[in-house]
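Here are a few exercises to work through with the model open beside you. Try each task before you read its solution.

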Amino acid sequence: MDKTDLRILDLLKGNARMSYQDIGNAIGMTRVAAKKRVKKLEEEGIIRGYNTCIYREDEITMFIDIVTVPEKYEEVLQYVTTHTAYIRQIFRTTKENHIHMVAVSDQASNLQYLTKMIQKKCGDGILEIHCHAVKEVIKDVYGGIRYEKRSAPQRDGCNEPDGGSEPS
(Lines give C-alpha, C1' and ligand atoms only; values in the text may rest on other atoms or scores of the structure.)
Protein backbone atom coordinates (compact mmCIF):
# COMPACT_ATOMS: atom_id res chain seq x y z
CA MET A 1 0.00 0.00 0.00
CA ASP A 2 1.43 3.35 -1.01
CA LYS A 3 0.63 7.02 -0.32
CA THR A 4 -2.00 7.10 -3.08
CA ASP A 5 -3.84 4.16 -1.49
CA LEU A 6 -3.74 5.92 1.87
CA ARG A 7 -5.21 9.06 0.31
CA ILE A 8 -8.00 7.00 -1.28
CA LEU A 9 -8.78 5.41 2.09
CA ASP A 10 -8.92 8.84 3.74
CA LEU A 11 -11.35 10.04 1.08
CA LEU A 12 -13.57 6.98 1.44
CA LYS A 13 -13.58 7.24 5.25
CA GLY A 14 -15.15 10.66 4.83
CA ASN A 15 -17.60 9.56 2.13
CA ALA A 16 -17.88 5.89 1.18
CA ARG A 17 -20.25 6.82 -1.66
CA MET A 18 -17.68 9.03 -3.36
CA SER A 19 -17.57 8.39 -7.11
CA TYR A 20 -14.47 7.08 -8.83
CA GLN A 21 -14.44 10.33 -10.81
CA ASP A 22 -14.37 12.41 -7.62
CA ILE A 23 -11.64 10.20 -6.13
CA GLY A 24 -9.60 10.54 -9.31
CA ASN A 25 -10.06 14.32 -9.39
CA ALA A 26 -8.99 14.65 -5.74
CA ILE A 27 -5.85 12.59 -6.28
CA GLY A 28 -4.97 13.61 -9.81
CA MET A 29 -5.74 10.42 -11.71
CA THR A 30 -8.39 9.16 -14.09
CA ARG A 31 -11.69 7.64 -13.03
CA VAL A 32 -10.56 4.26 -14.38
CA ALA A 33 -7.28 4.37 -12.45
CA ALA A 34 -9.14 5.30 -9.24
CA LYS A 35 -11.57 2.42 -9.77
CA LYS A 36 -8.68 -0.05 -10.25
CA ARG A 37 -7.04 1.17 -7.05
CA VAL A 38 -10.26 0.81 -5.04
CA LYS A 39 -10.95 -2.67 -6.45
CA LYS A 40 -7.40 -3.74 -5.57
CA LEU A 41 -7.88 -2.49 -1.99
CA GLU A 42 -11.13 -4.48 -1.80
CA GLU A 43 -9.52 -7.66 -3.18
CA GLU A 44 -6.65 -7.37 -0.68
CA GLY A 45 -9.15 -7.13 2.18
CA ILE A 46 -8.07 -3.64 3.17
CA ILE A 47 -11.52 -2.32 2.29
CA ARG A 48 -13.85 -4.89 3.82
CA GLY A 49 -17.16 -3.22 3.16
CA TYR A 50 -19.14 -0.02 3.10
CA ASN A 51 -21.53 1.06 5.83
CA THR A 52 -24.22 3.64 6.21
CA CYS A 53 -24.04 5.50 9.52
CA ILE A 54 -27.52 6.46 10.60
CA TYR A 55 -27.92 8.99 13.36
CA ARG A 56 -30.80 8.34 15.71
CA GLU A 57 -31.20 10.73 18.58
CA ASP A 58 -32.99 8.11 20.67
CA GLU A 59 -30.28 5.47 20.22
CA ILE A 60 -28.29 4.42 23.27
CA THR A 61 -24.85 2.87 22.86
CA MET A 62 -23.38 0.84 25.68
CA PHE A 63 -19.99 -0.78 26.17
CA ILE A 64 -20.03 -4.09 27.99
CA ASP A 65 -16.82 -5.58 29.34
CA ILE A 66 -16.75 -9.16 30.59
CA VAL A 67 -13.86 -10.93 32.29
CA THR A 68 -14.46 -14.67 32.39
CA VAL A 69 -13.20 -17.60 34.37
CA PRO A 70 -10.39 -19.00 32.15
CA GLU A 71 -12.08 -22.35 31.47
CA LYS A 72 -15.42 -20.67 30.67
CA TYR A 73 -14.13 -18.07 28.19
CA GLU A 74 -15.17 -19.94 25.03
CA GLU A 75 -18.56 -20.83 26.51
CA VAL A 76 -19.33 -17.19 27.40
CA LEU A 77 -18.04 -16.02 24.01
CA GLN A 78 -20.25 -18.57 22.25
CA TYR A 79 -23.30 -17.35 24.17
CA VAL A 80 -22.80 -13.65 23.48
CA THR A 81 -22.12 -14.23 19.79
CA THR A 82 -25.20 -16.36 19.19
CA HIS A 83 -27.90 -15.59 21.75
CA THR A 84 -27.90 -11.86 22.27
CA ALA A 85 -29.76 -9.12 20.45
CA TYR A 86 -28.62 -5.50 20.35
CA ILE A 87 -24.91 -6.36 20.15
CA ARG A 88 -23.19 -4.74 17.18
CA GLN A 89 -19.58 -5.62 17.82
CA ILE A 90 -17.64 -8.12 19.91
CA PHE A 91 -13.89 -7.86 20.45
CA ARG A 92 -11.32 -10.23 21.91
CA THR A 93 -8.78 -7.99 23.65
CA THR A 94 -5.22 -8.44 24.87
CA LYS A 95 -6.45 -8.64 28.47
CA GLU A 96 -6.70 -12.28 29.40
CA ASN A 97 -10.23 -13.76 29.27
CA HIS A 98 -11.69 -10.36 28.38
CA ILE A 99 -14.56 -9.68 25.99
CA HIS A 100 -15.48 -6.14 24.95
CA MET A 101 -18.86 -5.56 23.30
CA VAL A 102 -20.77 -2.66 21.83
CA ALA A 103 -24.55 -2.85 22.20
CA VAL A 104 -27.15 -0.44 20.82
CA SER A 105 -30.87 0.02 21.40
CA ASP A 106 -33.47 2.74 21.48
CA GLN A 107 -34.46 1.76 25.03
CA ALA A 108 -32.29 1.51 28.13
CA SER A 109 -34.52 -1.32 29.39
CA ASN A 110 -33.43 -3.49 26.43
CA LEU A 111 -29.78 -3.03 27.33
CA GLN A 112 -30.47 -3.68 31.00
CA TYR A 113 -32.30 -6.90 30.04
CA LEU A 114 -29.37 -7.89 27.80
CA THR A 115 -26.86 -7.64 30.65
CA LYS A 116 -29.18 -9.47 33.06
CA MET A 117 -29.57 -12.34 30.57
CA ILE A 118 -25.80 -12.57 30.06
CA GLN A 119 -25.33 -12.70 33.84
CA LYS A 120 -28.12 -15.28 34.23
CA LYS A 121 -26.95 -17.61 31.46
CA CYS A 122 -23.20 -17.24 32.02
CA GLY A 123 -23.04 -16.26 35.70
CA ASP A 124 -20.71 -19.05 36.84
CA GLY A 125 -18.32 -18.20 34.00
CA ILE A 126 -18.14 -14.45 34.66
CA LEU A 127 -15.70 -12.90 37.11
CA GLU A 128 -16.57 -9.29 36.22
CA ILE A 129 -19.10 -7.49 34.06
CA HIS A 130 -19.03 -3.72 33.58
CA CYS A 131 -21.47 -1.61 31.58
CA HIS A 132 -20.97 1.97 30.47
CA ALA A 133 -23.48 3.96 28.44
CA VAL A 134 -21.98 6.39 25.93
CA LYS A 135 -22.64 9.92 27.08
CA GLU A 136 -21.11 11.75 24.12
CA VAL A 137 -19.26 10.81 20.92
CA ILE A 138 -16.17 12.99 20.68
CA LYS A 139 -14.66 11.58 17.48
CA ASP A 140 -15.86 8.99 14.99
CA VAL A 141 -13.96 9.02 11.72
CA TYR A 142 -16.25 6.40 10.22
CA GLY A 143 -19.47 8.16 11.16
CA GLY A 144 -18.24 11.59 10.08
CA ILE A 145 -18.55 13.04 13.59
CA ARG A 146 -16.25 15.89 14.47
CA TYR A 147 -15.85 17.29 17.95
CA GLU A 148 -18.19 20.12 18.89
CA LYS A 149 -18.71 21.45 22.38
CA ARG A 150 -22.25 20.39 23.24
CA SER A 151 -24.19 18.97 26.12
CA ALA A 152 -25.47 15.42 25.87
CA PRO A 153 -28.60 14.14 27.58
CA GLN A 154 -28.05 11.83 30.54
CA ARG A 155 -29.10 8.26 29.75
CA ASP A 156 -29.05 5.10 31.77
CA GLY A 157 -27.82 2.11 29.84
CA CYS A 158 -27.18 -0.38 32.61
CA ASN A 159 -28.12 -0.18 36.26
CA GLU A 160 -27.30 -3.51 37.73
CA PRO A 161 -27.95 -3.87 41.46
CA ASP A 162 -26.65 -7.44 41.37
CA GLY A 163 -23.02 -6.96 40.44
CA GLY A 164 -22.95 -4.83 37.28
CA SER A 165 -21.54 -1.35 37.18
CA GLU A 166 -23.33 1.93 36.93
CA PRO A 167 -22.93 3.61 33.54
CA SER A 168 -20.32 6.32 33.41
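**Exercise 1: Lys13 and its partner**

Lys13 is partly exposed, at 34% relative accessibility (buried means under 20% relative accessible area, exposed over 50%, and partly exposed in between, with a 1.4 Å probe and protein chains only). Before going on, a word on what you're looking at: this is a predicted model, where local features need pLDDT of at least 70 and side-chain atom pairs count only at pLDDT 80 or more, while totals for chains, interfaces and linings use all residues. Residues are numbered from 1 along each chain as its sequence is written, and side-chain values use heavy atoms, with hydrogens and water left out.

Task: find which residue forms a salt bridge with Lys13.

Solution:
- Step one: look for a salt bridge, that is, a side-chain nitrogen of Lys or Arg within 4 Å of a carboxyl oxygen of Asp or Glu.
- Step two: the partner is Asp10, with the closest N and O atoms 3.5 Å apart.
- Step three: place the pair. Both Lys13 and Asp10 sit in helix α1 (residues 3–14), three residues apart, or about one turn of the helix. (Helices are DSSP runs of H or I with at least four residues, strands are runs of E with at least two, and both are numbered from the N terminus.)

**Exercise 2: A pair in helix α3**

Task: work out how Lys39 and Glu42 are placed in helix α3, and whether each is buried, partly exposed or exposed.

Solution:
- Step one: the two side chains meet in a salt bridge, 3.6 Å from N to O.
- Step two: Lys39 and Glu42 are three residues apart in helix α3 (residues 31–43), so about one helical turn separates them.
- Step three: Lys39 is partly exposed, with a relative accessible area of 33%, and Glu42 is partly exposed too, at 24%.

**Exercise 3: A link across the sequence**

Task: find which parts the Arg88 and Glu59 pair ties together.

Solution:
- Step one: Arg88 and Glu59 form a salt bridge, their closest N and O atoms being 3.0 Å apart.
- Step two: Arg88 is in strand β2 (residues 87–92) and Glu59 is in the loop between α3 and β1 (60–68), so the pair ties together parts that are 29 residues apart in sequence.
- Step three: Arg88 counts as exposed at 56% relative accessibility, whereas Glu59 is buried at 18%.
- Step four: now look for a network. Salt bridges that share partners join Asp2, Asp5 and Arg37 into one.
- Step five: zoom out, and a search of the whole structure finds nine salt bridges.
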